[in-house]
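Visitor: Please give me a close look at a single part, the surroundings of the ligand. Spell out the cut-offs as you go.

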Amino acid sequence: MRSIITLDEFIIQKQKDFPFATGELSGLLRDIGLACKIISREVNKAGLADISGQAGIENSSGEEVQKLDVMADNLLISCLQNSGECCGIASEENTTFVPIKKSENAKYVVLFDPLDGSSNIDVNISIGTIFAIYRRVSDDGECQLEDFLQDGVEQVASGYVVYGSSTMLVYTTGKGVNGFTLDPSIGEFCLSHPDIRIPKEGKIYAINQSAYHKFDTGTKQFIDECMENGCNFRYVGSMVADVHRTLIRGGIFIYPSTTSSPNGKLRLLYECNPLSFIVEQAGGHSTNGRERIMELEATELHQRTPIYMGSPDMVKRVEEICGEMMKERS
Ligand code: P6P
């Protein structure tokens, strides 16, 4: 029988990469994996149970929250409260950060989007969980806002779970990217994609092209070039699904600035930074058109940023074009 390496076994094995590791980060990653296994179970049966409909409340961005969002948020908070390794969380579903009292002196904080792409739930399109882990910077005791407003380069780990034709967890601790597929028959994430590397070039571009008329000139020129070069257009409308395909097949995922949303739509802290850490660790690039996403200053929990991420050759080209546009304007 082919030897199976479970997520727990892999995390413990890799812990040896960190000479001063005391097991806290490993424990945190395992707890997040547990929460996502339960979310996967609930997402996969949503069509059968009355939990996928509109919850009738709104999240911090004023968007309609669906019941599965609420369930996923509560599950992650509950697992992190029990982990003992996390002193606070910030989530798309909560206006402000949530200190975890019973582990208020723990050394990590976790930011997450519990169920990104949830508007696709009722049409059975892939959705995902995104998480970022930081060391706290405040003194012991209740965590502070500064613990969450850290630049992406300070992440100690990040990852996502894509609930698709199979459920996959992909994560990095800064030493490469590894993917694990959930085997429901044993309830374990099993190593299926060791050492993921993004293709240097790509022939797929992903953007909501229906907003073409709202894009800046540089983005329009890049899209025109992609079409002229015979690139394929693919867009799921679920960031985790689009970024996962980009990571595996190569290409570029773009959510740009538009005339109606100058800062784009996607959030820096719990969508763009964690996914940029993954893409960079796999050999890709991630930028806002001018600057590296992971070096952008974090000023508020739910701040948004334009993002261009994926195969290095494609991201470099869009940066060249945007740079040329900047020069022409100056
Ligand atoms: P649009 C889903 O609502 C989401 O937050 C991301 O997962 C996705 O990439 C984006 O919004 C899609 O937005 O404006 O293209 O529908």
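Guide: The answer begins at the ligand and then turns to the two domains.

The model is predicted, so local features need pLDDT of at least 70 and side-chain atom pairs count only at pLDDT 80 or more, whereas totals for chains, interfaces and linings use all residues. Residues are numbered from 1 along each chain as its sequence is written, and side-chain values use heavy atoms, with hydrogens and water left out.

Around the ligand lie D116, G117, N208, Y235, G237, S238, M239, F253, Y255, K265 and L266; a residue is near the ligand if one of its heavy atoms lies within 4 Å of it. This shell consists of 5 nonpolar, 4 polar and 2 charged residues. In this sorting, Ala, Val, Leu, Ile, Met, Phe, Trp, Tyr, Cys and Pro are nonpolar, Asp, Glu, Lys and Arg are charged, and the others, Gly among them, are polar.

Some of these residues place polar atoms by the ligand. A polar side-chain atom of Y235 is 2.6 Å from a ligand oxygen. With M239 the backbone is involved: one of its N or O atoms is 2.7 Å from an oxygen atom of the ligand. For K265, an N or O atom of the side chain is 2.9 Å from a ligand oxygen. On its own the ligand has 400 Å² of accessible area, and the protein covers 81% of this (Shrake-Rupley method, 1.4 Å probe).

Now the wider setting. The domain assignment, which is automatic or from a database, gives domain 1 (7-193) and domain 2 (204-329). Their C-alpha centres are 23 Å apart. Contact, meaning heavy atoms within 4.5 Å, takes in 49 residues of domain 1 and 32 residues of domain 2. There is 1 salt bridge between the domains, a term for a side-chain nitrogen of Lys or Arg within 4 Å of a carboxyl oxygen of Asp or Glu.

Note on methods. A polar contact is a pair of N or O atoms within 3.5 Å; within protein, one must be able to donate a hydrogen and the other to accept it, and residues adjacent in sequence count only if both atoms are side-chain atoms.
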